[in-house]
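Colleague: I would like to go through this one with you and hear the reasoning behind the words you use. Could you show it to me before we start?

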Amino acid sequence: MTAITATRVNNVLTLIGLTWFTPVIRMIAGENPRHELVQLWRLLGIPVIAFTVFLGLWSQLAQQVETSLGKIPGPVAVYEEAVSLWEDHKIQREKQDAFYERQEKRNAAKLAEDPNTEVKWRTYTGKPSYVDQIVTSLKTVFMGFLIATLFAVPIGILCGLSPVFNSAMNPLIQIFKPVSPLAWLPIVTMVVSAVYVTDDPVFEKSFLNSAITVTLCSLWPTLINTSVGVASIDRDLVNVGRVLQLNWTTKVMKMVLPSALPLIFTGLRLSLGVGWMVLIAAEMLAQNPGLGKFVWDEFQNGSSHSLGKIMVAVFTIGIIGFLLDRVMQTLQGLLTFSDKR
Amino acid sequence: MTRTNDNKRYILKILAAAAVALGTGALTGGPAQAAKLTPEKEELKFGFIKLTDMAPLAIAYEKGYFEDEGLFVTLEPQANWKVLLDRVIDGQLDGAHMLAGQPLGATIGFGTQAHVITPFSMDLNGNGITVSNEVWAKMKKHIPHKDGKPVHPIKADYLKPVVAEYKAAGKPFKMGMVFPVSTHNYELRYWLAAGGIHPGYYSKTDISGQIKADALLSVTPPPQMPATMEAGTIFGYCVGEPWNQQAVFKGIGVPVVTDYEIWKDNPEKVFGITKAFSEKYPNTTLALTKALIRAAMWLDANGDANRKEAVKILAKSEYVGADYEVIANSMTGTFEYEKGDKRPLPDFNVFFRYFATYPYLSDAVWYLTQMRRWGQIPEGKPDTWYHAIAKKVYRPDIYLKAAKMLVDEGKAAKADFPWDTDGYRAPQTEFIDGVAFDGRKPNEYLEKFPIGLKQNQVVVGAEVQG
């Protein structure tokens, strides 16, 4: 392997966040193995050992706490619950298939009886499996995030460009930024049920309630970062723009946006993180069938498996949050040229 | 213009006549082959709270009774009774497992105002009152024993000294119930008041329900009851199963009395839908009532032979989700009071026998009398008012129509339904304090209680006037 290809592979890996591969590639490329081994130890060895220690402590301490639902589940119990959730997912899929089969038979019988009857296809009515709930949560958070971005970026640009507009918006931003999703939710619920009245709704109300709550909470990091990014644009660039007598649109598209992009992305990353965090709380109360509702329902179940399942959800939420952040980081790396990340 | 209008009216008349003919045909025997229902709305979402008495819904789904009627139902657990009711009213849910007081409360405008009706009563009994270990230890000293075991039913008279002790120490005696218009609230109040403990009044301006109270009652969602008591926020609660048995299993409290002992065979949950829904989708309403009746029949069939299977279904995480043993304890004919003190209670959960699913108007009147007794209905009302509201909310007409169809289809026996009742049960006497209830005379009934509002009494500030 030549040094150049090694560097290229390395760049790609760094971009998607797999930095601990770097020493391995360097070693393959024939660089000083001793130095690289130390690097590898630092990037991979120490985290693995730390995690193992965490697991050990967890399983020891979990034994000590006796709740009214039994002992706090240790790592093994949680793993077992994860497996049983996966098994349950497969069972649900089988039930779903059986449902469709029954439906097909019933429709066939209907058609045989009277060829002119209108047969309808219905989606499965059973409970959502754990995997379905994860998908619902992801859909909800992206919906909320998308709406937030559509509002936050333009407003942020205006704030950054015009000090007057900025001072007009500032009090609003400062007041609404720290509000908890749990405070927004009742208001959002009432507004949505008053305004969103259709006979054939595209979205469930509970979905909209959760998504809009996510929007209201995840709006702010993007907005603030965008305005800061736009405001801190290089004075020289602005002066060049003046000399060239660029019109407003060109100025925004060619100068302002590209130079503010790194900070906008930082804002988006923070927003998505906040959105994912508040989503769980919103789902619990809005009854949107995602991970939040899963946690709440399990808490209500109060069975001997409930705590284990909730722990599985905790890890799922954490890992997905981490992956979302990585995705945003990678996108940022691909789309911006700055070293400010 | 006039002519088309006349024509329209004429056609409507014919249609109406035909409908009447069909209707009476269906009720008076009619053709043996009942016409198949075509539900107007086939995809439905029903809500429930994680309690064992949601069983008819789970069974109607799992046994395919909904699908038999051409209904495609999704069942969804709800966070609490308030969320559930609001979601039925604003149409996010098509119907739900409700507290008997919810349709009545909503219709008379206590809490959220909306016209909610019920064509199906879901079960009898099924609740218990549990106190914390500490309170039980203090109470037990006063309870008479026989063969080393407390004599049942345990009256609140024995709790009275404990409440007095707390009061003297300056600690408010707090208890939990699940909703202001819940059966549990009225049962707990009934039990406390029968033992001379004042559970407090509601008034027009103060809806905390703690005016003049010896015991302060507040709302906690059923599944959180054991945890709230364990945390020391409340000293006891009244709730449905499995949350009393849960307390025994976790060793955090002792159930002292069941509602079966407070009022034998009392009506518990109902299936609630909005009036608008029943008018817009009459066939769907009939179809879902049919499916629920069949589920209730299955639950009580062959001397409760199916209960074990039912418990297995309920223990799934999407329904009640508690452990099998906990649910089985009360669903299979026994009830564990103090740990190890397991007694037979075959009628603790009744789903079908004793005409349990028929929505009796007198049941509605009883709940209305209790709302009046504690001031949720702030002013006195004439007897006619009670009967009118009961008729508005409880709909035995829909129930009997659905039952008739099932009999015609050969899925139910004629003897299973009370065809000739006028909706009022014969006067009932089996209450813990022995006070008789005649649904036809609500005001006379209210006169009989030493604690409670009567006639035109009104609570103003912290005083009862009139």
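**A helix, a sheet and an interface**

Modeller: Happily! This is a predicted model. In helix H12 of chain A the buried residues are Ser306(A), Leu307(A), Gly308(A), Lys309(A), Ile310(A), Met311(A), Val312(A), Ala313(A), Ile317(A) and Gln332(A).

Colleague: What do the buried residues of H12(A) pack against?

Modeller: They pack against three helices of chain A: H4 (75-113), H10 (248-286) and H11 (291-301).

Colleague: How do you know that the span of H12(A) agrees with its 30 residues?

Modeller: H12(A) covers residues 306-335, and at 1.5 Å a residue it should span 44 Å. Its end C-alpha atoms are 43 Å apart, so the two values agree.

Colleague: Let's turn to His35(A). Is His35(A) buried or exposed, and why?

Modeller: A residue is called exposed if 12 or fewer other C-beta atoms lie within 10 Å of its own. His35(A) has 12 within that distance, so it is exposed. His35(A) sits in helix H3 of chain A, residues 33-64. From His35(A) to Asp325(A) there are 290 residues in sequence and 30 Å in space, C-alpha to C-alpha.

Colleague: On to chain B. Why is chain B called as compact as a globular protein of its length?

Modeller: For 466 residues the globule rule gives 23 Å, and the radius of gyration of chain B is 23 Å, so chain B is as compact as a globular protein of that length. Its C-alpha atoms fill a box of roughly 80 × 55 × 35 Å along the principal axes, and 53% of the 466 residues count as buried. The chain has 19 helices and 16 strands.

Colleague: What makes S2 and S4 of chain B edge strands?

Modeller: Each of them pairs on one side only. They belong to an open sheet of five strands in chain B, in the order S2-S1-S3-S12-S4, with mixed pairing. Neighbouring strands there are turned by 35° against each other on average, direction ignored.

Colleague: How do you know that strands S3 and S12 of chain B pair?

Modeller: Pairing asks for at least two bridges. S3(B), residues 95-99, and S12(B), residues 269-274, share four bridges in the antiparallel sense. In S12(B), Lys269(B) stands opposite Leu99(B), and Gly272(B) stands opposite Ala96(B).

Colleague: And what joins strand S1 of chain B to S3(B)?

Modeller: Two bridges join them, and these strands run parallel. Phe46(B) has Gly95(B) as its bridge partner in S3(B).

Colleague: Why is S3(B) called mostly covered?

Modeller: Buried takes 20 or more other C-beta atoms within 10 Å, and five of the five residues of S3(B) are buried. Helix H5 of chain B, residues 101-108, lies across S3, S4 and S12 of chain B, at about 160° to S4(B).

Colleague: Lastly, the interface. How many residues of chain B are in contact with chain A?

Modeller: Contact takes C-beta atoms within 7 Å, and 24 residues of chain B are in contact with 18 residues of chain A. On the chain B side, strand S2 (72-77) and helix H9 (225-230) each supply at least two residues. S2(B) gives the largest share, four residues. By class, that side of chain B has 10 nonpolar, six polar and eight charged residues.

Note on methods
Residues are numbered from 1 along each chain as its sequence is written. Chains are lettered from A and ligands numbered from 1 in the order in which they are written. This is a predicted model: local features need pLDDT of at least 70, side-chain atom pairs count only at pLDDT 80 or more; totals for chains, interfaces and linings use all residues. Two residues are in contact if their C-beta atoms, placed from the backbone, lie within 7 Å. Ala, Val, Leu, Ile, Met, Phe, Trp, Tyr, Cys and Pro count as nonpolar, Asp, Glu, Lys and Arg as charged, and the others, Gly among them, as polar. The radius of gyration is taken over C-alpha atoms; the globule rule is 2.2 Å times the number of residues to the power 0.38. The expected span of a helix is 1.5 Å times one less than its number of residues. Axes are lines fitted to C-alpha atoms, for helices over the stretch in contact, and angles run from 0 to 180 degrees between N-to-C directions.
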